[in-house]
Amino acid sequence: MRYNVAVLGGGPAGTAAALQAARAGAKTLLVERYGFLGGNATGALVNPWMGHAWADPHTRQPGSLIGGIFREIVLALRARGAYGAPCDRAAFDEQQLKLVYDTVLAAAGVTVRLHSLLIAAQIENDRIATVDVFGKGGAQRVAADVFIDATGDGDLAALAGCSVAIGRPADGLTQAMTTSFRMAGVAKAELFADGNLRAARSRVDPLFQAARQAGRLHYPYRDFVQFYDYPRPGVLHFNMTRINRVNGLSPEDLTRAETEGRRQAAVLSEWLVREVPAFRSAWIEKLACHAGVRETRHVKGLYTFSHEDVAAGRKFDDAIARSRYFIDIHSPTGPGFDHEVPGAKGAVRASYAPPPNDWYEVPYRCIVPVGLANLLVPCRAFSATHEGAAAVRVMATMTALGQAAGLAAARAATTRSSVAEINAVALRRELGYLDAPPELGEPW
Ligand SMILES: Cc1cc2nc3c(=O)[nH]c(=O)nc-3n(C[C@H](O)[C@H](O)[C@H](O)COP(=O)(O)OP(=O)(O)OC[C@H]3O[C@@H](n4cnc5c(N)ncnc54)[C@H](O)[C@@H]3O)c2cc1C
């Protein structure tokens with residue numbers, strides 16, 4: 001089978017890439033190892049959308065820095081009553097997200113192949129000629145003019161021999177993994193009596209600290225309570241398990257992460273039911289299909305996005321995304337966050353965030369790997385340092401990177417040019433929203 005564009009991996013980046021490539025006229029294939037699309041947003045139960053949030057400096061009216069396909073997905077979720085919880089506007093129902101992706105990709109004419117794992121790449125000169133994807137029927141070979149690595153881990157780039165780094169430079173350790181879970185049957189009216197998330201967490205946190213101190217709860221994995229509202233009655237989303245010193249590329253480590261993440265979820269939820277009144281009738285409604293992996297490979301690209309780009313609020317002529325999300329590092333070794341002001345829980349160090357009322361941009365060159373003429377890497381493995389990646393890795397920005405890659409790949413396939421030759425300034429213009437002020441008000 002031959003395609004103009006083949007996208008490997010169907011997470012926030014890959015779905016947007018395939019959708020945009022097909023809409024730009026490319027015969028497009030999307031390959032995904034699981035039986036549904038959405039990547040971490042659906043499989044790892046990651047919620048809410050982050051990376052797009054903006055507030056007008058004068059009025060504080062909320063808005064979004066990211067438009068395009070991300071906006072379209074949000075609107076589709078909203079139309080299904082699946083976006084925006086009273087105390088967390090960016091929360092969404094991931095089951096409906098699966099349906100949204102199925103619908104929009106089918107309408108755009110993308111060929112989707114689920115239950116298919118990328119396992120090999122064949123290189124000719126400076127191009128990927130074909131890749132092998134493995135399913136129940138065995139391996140199949142796929143040819144394409146341009147390939148997009150949206151596996152999150154940079155699997156295709158690694159198989160194709162690109163230069164990659166793993167984790168932080170000093171010791172190669174990566175951000176912690178987390179098994180997300182949901183609790184249902186929560187008395188949300190009681191918990192959110194003040195109408196905001198911070199106040200709800202502060203009702204539970206002192207009980208959490210006291211139980212730990214008194215030895216009634218052994219939970220050294222996180223040092224404060226972190227749950228989110230979810231757009232369904234009685235349901236809350238938890239991002240509170242923490243598995244350190246695991247490599248997301250090792251099946252042995254992943255096995256340990258899965259069992260340990262589920263065990264921590266059980267310990268925490270049992271304590272909540274036992275001691276926190278709003279949880280007295282609650283239960284674990286869902287454990288993520290798999291432990292969430294925050295970091296593995298960083299592929300070497302034409303530009304390496306870094307800590308300085310975030311802190312300076314740097315702008316680029318060839319920008320393909322913008323964000324004011326901070327450098328969010330779940331400690332690779334302990335319960336805390338590397339971006340925190342020491343001794344001030346939850347406070348982000350100034351140098352780990354863009355300047356106040358400003359944003360940074362991500363250049364196209366970050367998704368163009370060094371050495372191959374027909375590969376783009378717009379996923380979590382895009383070219384960045386450990387710190388730079390920690391800011392851009394979230395799902396709204398990944399959707400933006402994916403959309404840009406889809407457009408660039410379709411153009412490169414049509415013009416038979418290399419991905420590095422794409423006029424990225426024109427690409428930025430064509431993406432549209434990057435030169436407009438942030439959109440304020442609904443649906444954000
Ligand atoms: C626990 C956790 C909490 C997070 N919290 C938030 C949050 O609150 N808000 C937020 O916006 N972001 C959050 N993030 C970050 C965000 O989820 C990811 O960085 C983002 O999903 C990356 O998007 P992606 O498309 O690059 O990769 P992924 O979402 O990982 O998607 C990659 C896709 O590729 C598929 N795939 C992988 N390898 C292969 C292969 N070899 N062959 C075929 N298919 C393959 C996978 O099955 C998957 O569908 C969190 C991440 C984690 C782990």
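Reader: What makes a residue near a molecule, and which residues around the ligand come nearest?
Author: A residue is near a molecule or strand if its C-beta atom, placed from the backbone, lies within 6 Å of it. Around the ligand there are 40 residues, of which G9, G11, G39, G152 and G292 come nearest. This is a predicted model, in which local features need pLDDT of at least 70, side-chain atom pairs count only at pLDDT 80 or more, and totals for chains, interfaces and linings use all residues. Numbering starts from 1 along each chain as its sequence is written.

Reader: Which elements supply at least two residues of the shell around the ligand, and what makes a run of residues a helix or a strand?
Author: α1 (12–23), β8 (117–124) and α10 (395–415) each supply at least two. Helices (H or I, at least four residues) and strands (E, at least two) are DSSP runs, numbered from the N terminus. The protein has eleven helices and 20 strands.

Reader: How many residues of that shell are nonpolar, polar and charged?
Author: The shell divides into 20 nonpolar, 13 polar and seven charged residues. Ala, Val, Leu, Ile, Met, Phe, Trp, Tyr, Cys and Pro count as nonpolar, Asp, Glu, Lys and Arg as charged, and the others, Gly among them, as polar.

Reader: Why does the span of α1 agree with what is expected?
Author: The expected span of a helix is 1.5 Å times one less than its number of residues. The twelve residues of α1 should therefore span 16 Å, and its end C-alpha atoms are 17 Å apart, which agrees. α2 (68–79) also has twelve residues, and reaches 17 Å against the 16 Å expected.

Reader: What makes α1 mostly covered?
Author: Eleven of its twelve residues are buried, that is, 20 or more other C-beta atoms lie within 10 Å of their own; a residue with 12 or fewer is exposed, and one in between is partly exposed, with C-beta atoms placed from the backbone. The buried residues include P12, G14, T15, L19 and Q20. Among the elements that cover them are β1 (2–8), β2 (28–31), α2 and α10. In α2, the buried residues are G68, I69, F70, I73, V74 and L77.

Reader: Why is F36 called partly exposed?
Author: F36 has 18 other C-beta atoms within 10 Å, so it falls between the two cut-offs. F36 lies in the loop between β2 and β3 (53–55). Leaving aside neighbours within four places in sequence, F36 is in contact with T42 and K98, where contact takes C-beta atoms, placed from the backbone, within 7 Å.

Reader: Where do the domains of the protein lie, and how many residues of each take part in their contact?
Author: Domain 1 is 2–169 + 295–330 + 361–440 and domain 2 is 181–287, with bounds from an automatic or database domain assignment. The contact takes 16 residues from domain 1 and 17 from domain 2. On the side of domain 1, β5 (83–85) and β6 (88–92) give two or more residues each. The C-alpha centres of the two domains lie 30 Å apart.

Reader: Why does the radius of gyration of the protein agree with a compact globule?
Author: The radius is taken over C-alpha atoms, and the globule rule is 2.2 Å times the number of residues to the power 0.38. For 444 residues this gives a value near 22 Å, and the protein has 21 Å, so the two agree. Of those 444 residues, 52% count as buried.

Methods. Two residues are in contact if their C-beta atoms, placed from the backbone, lie within 7 Å.
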